[in-house]
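Colleague: I should be grateful for a close look at the sheet in this model, together with the parts of the chain that surround it. Please explain it as you would to a student in the first year.

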Amino acid sequence: MASSTSFPAPGSRSKKPLGKMADWLRQALSKKPKEKPVSQESTPSDAPQPSSPEVHSPPSLSSATSAVSPELPPSYEGATSNNSSGRWRRDYDVCVCHSEEDLAAAQELVAYLEGSSAGLRCFLQLRDAAPGGAIVSELCRALDSSHCRVLLITPGFLSDPWCRYQMLQALSQAPGAEGCTIPLLSGLARAAYPAELRFMYFVDGRGPDHGFRQVKDAVLRCKLCKEG
């Protein structure tokens with residue numbers, strides 16, 4: 001007995017399920033993706049960022065040197081300034097060069113200079129030379145240790161080879177130094193004045209004080225120029 005139930009034909013199936021699936025796909029594709037919520041642990045963009053540690057460049061060599069080099073204390077600066085004038089200080093103010101026969105006249109000149117109010121310190125060879133010292137060495141030491149030198153030029157001075165050596169040594173140790181070598185012409189005419197000294201003035205010893213006052217003034221000027 002045949003069943004009364006009838007089945008639809010294959011070509012007559014409903015197309016509704018396929019239409020619903022297509023609508024679902026279109027809706028899914030048209031939806032925008034949801035933004036993920038920002039977690040509290042994440043750092044907001046406007047939050048202040050930690051500053052990077054500053055890199056200090058090393059000081060330059062010049063600045064480091066200036067920072068290390070100490071300044072001179074005032075006492076040292078004063079000592080330095082004193083040394084600039086102290087280099088001109090000498091043991092004697094004047095060295096008197098003379099011949100043996102003029103020893104009495106040289107002693108008279110030394111007594112005048114040392115006894116004056118200036119109290120000049122004089123070197124007299126026979127009195128102040130070191131016993132046992134070489135004559136030439138003592139002369140050079142005396143010239144080096146004196147501010148200036150006085151040449152007592154007399155007939156005996158011109159005839160003594162040793163006096164000529166003293167004169168040349170005095171000129172060689174102070175070449176061109178004005179006022180350091182003081183010629184005192186005594187008992188001689190101007191024409192007898194040594195040719196080696198023609199470039200400098202001499203003190204005329206024919207006056208009442210034998211020219212001693214002029215010699216003293218010249219020594220004081222020389223000393224003042226060197227120490228001042």
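**The sheet and its surroundings**

Modeller: The open sheet is built from five strands in the order β2-β1-β3-β4-β5, and their pairing is parallel. Its edge strands are β2, residues 122-124, and β5, residues 203-204, each of which pairs on one side only. Please keep in mind that this is a predicted model.

Let us begin at the β5 edge. Strand β4, which covers residues 181-185, pairs with β5 in the parallel sense over two bridges. Within this pairing, Leu184 stands opposite Val203 of β5.

Two helices may be considered next. Helix α4, residues 103-115, packs on the sheet and touches β1 (92-97), β2, β3 (146-153) and β4. The direction of α4 makes about 160 degrees with that of β2. Helix α8, residues 161-173, lies across β1, β3 and β4 and runs at about 150 degrees to β3.

The loop between β4 and β5 contains Phe202. From C-alpha to C-alpha, Phe202 is 9.5 Å from Thr181, although the two are 21 residues apart in sequence. If neighbours within four places in sequence are left aside, the contacts of Phe202 are Pro183, Leu185, Arg190 and Tyr193.

We now turn to charged side chains. Side chains of opposite charge can pair when their charged atoms come close. Across the whole structure, a search finds seven salt bridges. One of them involves the sheet directly: Asp93 is bridged to Arg121, with 2.9 Å between the closest N and O atoms. This pair links distant parts of the chain, since Asp93 belongs to strand β1 while Arg121 sits in the loop between α4 and β2, 28 residues apart. The two partners may be described in terms of accessibility: Asp93 is buried, with a relative accessible area of 1%, whereas Arg121 counts as partly exposed at 32%.

At the β5 edge, the side chains of Asp204 and Arg206 meet in a salt bridge of 2.9 Å, N to O. Asp204 has a relative accessible area of 30% and is therefore partly exposed. Arg206, at 66% relative accessibility, counts as exposed.

A further salt bridge joins Asp217 to Arg213, whose closest N and O atoms are 3.4 Å apart. Because these residues are four apart in helix α9, about one helical turn separates Asp217 from Arg213. Asp217 counts as partly exposed at 25% relative accessibility, and Arg213 counts as partly exposed at 45%. Elsewhere, Glu114, Arg127 and Asp128 are joined into one network by salt bridges that share partners.

Helix α9, residues 212-227, also holds Lys216. What is the nearest side chain of opposite charge to Lys216, and how far away is it? It is that of Asp217, at 4.4 Å. A salt bridge requires a side-chain nitrogen of Lys or Arg within 4 Å of a carboxyl oxygen of Asp or Glu, so the distance of 4.4 Å leaves Lys216 with no salt bridge, even though Lys216 is buried. Leaving aside neighbours within four places in sequence, Lys216 is in contact with Tyr112, Leu113, Ser116 and Leu120. Among these, Tyr112 and Leu113 fall within the residue range of helix α4, 103-115, the helix that packs on the sheet.

Definitions and conventions:
Residues are numbered from 1 along each chain as its sequence is written. This is a predicted model: local features need pLDDT of at least 70, side-chain atom pairs count only at pLDDT 80 or more; totals for chains, interfaces and linings use all residues. Side-chain values use heavy atoms; hydrogens and water are left out. Two strands pair if DSSP finds at least two bridges between them. Contact means heavy atoms within 4.5 Å. Axes are lines fitted to C-alpha atoms, for helices over the stretch in contact, and angles run from 0 to 180 degrees between N-to-C directions. Buried means under 20% relative accessible area, exposed over 50%, partly exposed in between (1.4 Å probe, protein chains only). Lys and Arg count as positive and Asp and Glu as negative; His and the chain ends are not counted.
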